[in-house]
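This briefing covers the fold, the nonpolar cores, the pockets and two loop residues of one protein chain. The sequence and the model are shown first.

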Amino acid sequence: MTATAPAAEATVRKSSPGAARGPGRRTGRIRRIGLPYLLLLPALLLELLVHLVPMVIGIVMSFKELTQFYIRDWGTAPWAGFDNYSVSVDFDAPVGKALLHSFLVTVAFTLLSVGLCWLIGTAAAVFMQDTFRGRGLLRALFLVPYALPVYAAVITWVFMFQHDNGLVNHVLHDQLGLTDKPSFWLIGDNSFIALLTVSVWKGWPFAFLIVMAGLQNIPRELYEAAALDGAGMIQQLRRITLPSLRPVNQVLVLVLFLWTFNDFNTPYVLFGKSAPEAADLISVHIYQASFVTWNFGTGSAMSVLLLLFLLVVTGVYLALTSRGRRTAS
């Protein structure tokens with residue numbers, strides 16, 4: 001009887017499914033949980049190399065007196081402390097005054113561009129909700145500006161804005177007679193209008209695409225019930241469409257703001273290395289401070305200040321929108 005007890009205990013242990021499959025099930029669960037992180041590891045490493053490492057190097061450079069004399073070995077540049085930041089925010093000095101002007105131009109440009117992109121994109125998306133002949137083709141045409149490469153799209157606008165033989169002056173002056181003489185669109189005060197036009201033309205299809213996707217989640221029964229109650233199109237837009245699109249619009253406005261405020265490709269291709277004063281966006285201004293005057297320390301300090309500003313604006317925006325969602329719920 002004593003000899004058969006261990007054998008009976010082993011038989012019971014083998015017949016227990018939890019005891020037999022416990023370690024294997026735990027190993028399989030760890031492998032199943034760790035597999036997604038393992039697949040994400042190459043992307044995380046690439047993100048570290050492409051974004052985080054240069055950002056850290058730029059922050060270190062902002063505390064150095066890095067000019068063209070130390071560009072060969074920037075690690076030997078003397079330590080400047082917060083001098084680069086002091087020069088950048090001294091708005092009575094030429095450097096700080098120019099940076100403040102560029103910042104104000106960028107704020108005005110961003111607010112107008114984001115507002116117009118959202119307005120045109122939302123109007124087009126609402127219009128496209130109705131079924132009519134050729135709707136698919138028109139949707140595809142609306143997305144052409146967003147699908148085109150930035151350089152190809154903006155360089156086309158450069159030719160259109162030419163003073164002597166550009167299409168814009170040909171239509172406005174020669175055909176419609178809206179101007180007394182052909183305008184200079186790429187210099188002077190008109191450069192701001194030209195930059196805003198290109199930015200809106202290039203950005204509103206993205207707003208159209210996002211809003212159109214958000215409209216697909218609104219039940220059609222809400223509109224049918226509102227129509228039976230006598231609500232018109234404007235009332236349906238105010239009472240159903242815009243409130244239902246609030247989460248989508250919150251993300252859309254933030255993304256458009258960050259993209260537009262940091263936009264470098266559009267003004268650089270449109271105006272070249274030296275943008276006009278009326279269209280001196282802060283991204284091009286920082287580029288000029290770094291690669292034209294060869295003062296990389298000051299340019300890096302301006303970039304860090306821009307990063308801090310965008311982080312603060314993003315944090316405040318997310319806090320306000322999250323508070324609004326909690327209040328609405």
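The points below are grouped by topic, from the whole chain down to single residues.

The model is predicted. The protein chain has 15 helices and zero strands. Of its 329 residues, 34% are buried. The largest pocket has a volume of about 920 Å³, and the second largest pocket one of about 480 Å³.

**Whole chain**

- Among the contacts in the protein chain with a separation of 6 or more, 64% join residues that are 24 or more positions apart.
- The exposed area of the protein chain is about 20600 Å², and carbon and sulfur atoms supply 68% of that area.

**Nonpolar cores**

- The largest nonpolar core holds 43 residues. Those that touch the most other members are Phe161, Leu195, Phe208, Leu256, Leu270 and Phe271.
- At least two residues of this core come from each of helix 4, helix 7 (150–160), helix 9 (190–215), helix 10, helix 12 (246–261) and helix 13 (265–271).
- Helix 9 is the element that gives the most to this core, with 13 residues.
- Leaving out residues up to four places away in sequence, Phe271 touches Leu186, Ser191, Leu195, Pro276 and Ala279.
- There is also a second, separate core of nine residues, with Phe261, Ile286, Ala289 and Leu306 among them.

**Largest pocket**

- The volume of the largest pocket is about 920 Å³. It is lined by 27 residues, and Met55, Asn262, Ser303, Leu306 and Leu307 are the closest to its centre.
- Leu306 therefore appears twice in this briefing, as a lining residue of the largest pocket and as a member of the second, separate core.- Helix 2 (17–61), helix 14 (282–292) and helix 15 (296–328) each contribute at least two residues to the lining of the largest pocket.
- Helix 15 provides the largest share of this lining, at ten residues.
- By residue class, the lining of the largest pocket consists of 17 nonpolar, nine polar and one charged.

**Second largest pocket**

- The second largest pocket has a volume of about 480 Å³. Of the 19 residues in its lining, Val126, Gln129, Met233, Leu237 and Thr241 lie closest to its centre.
- Two or more residues of this lining come from each of helix 4 (94–127), helix 10 (220–228) and helix 11 (233–244).
- The largest share of the lining of the second largest pocket, six residues, belongs to helix 4.
- This lining divides into twelve nonpolar, five polar and two charged residues.

**Loop residues**

- Phe69 is in the loop between helix 2 and helix 3 (83–89). Its relative accessibility is 68%, so Phe69 counts as exposed.
- The C-alpha atoms of Phe69 and Asn295 are 9.8 Å apart in space, while the two residues are 226 residues apart in sequence.
- Trp294 sits in the loop between helix 14 and helix 15. Trp294 is not a glycine, yet its phi is positive, at about 60 degrees.
- Trp294 counts as partly exposed because its relative accessible area is 40%, and partly exposed covers the range between under 20% (buried) and over 50% (exposed).

How values were computed: Residues are numbered from 1 along each chain as its sequence is written. This is a predicted model: local features need pLDDT of at least 70, side-chain atom pairs count only at pLDDT 80 or more; totals for chains, interfaces and linings use all residues. Side-chain values use heavy atoms; hydrogens and water are left out. On a 1 Å grid over the protein atoms alone, a cavity is a set of points where a 1.4 Å probe fits but cannot get out, and a pocket is an open set with protein on both sides within 12 Å along at least five of seven lines; lining residues have an atom within 4 Å of a point. Grid points are joined across faces, edges and corners, and a volume is the space filled by probe spheres set on the points. Helices (H or I, at least four residues) and strands (E, at least two) are DSSP runs, numbered from the N terminus. Ala, Val, Leu, Ile, Met, Phe, Trp, Tyr, Cys and Pro count as nonpolar, Asp, Glu, Lys and Arg as charged, and the others, Gly among them, as polar. Buried means under 20% relative accessible area, exposed over 50%, partly exposed in between (1.4 Å probe, protein chains only). Contact means heavy atoms within 4.5 Å. Accessible areas come from the Shrake-Rupley method with a 1.4 Å probe; for residues, only the protein chains shown count as cover. A nonpolar core is a set of buried Ala, Val, Leu, Ile, Met, Phe, Trp, Tyr and Cys residues joined through side-chain atoms within 4.5 Å.
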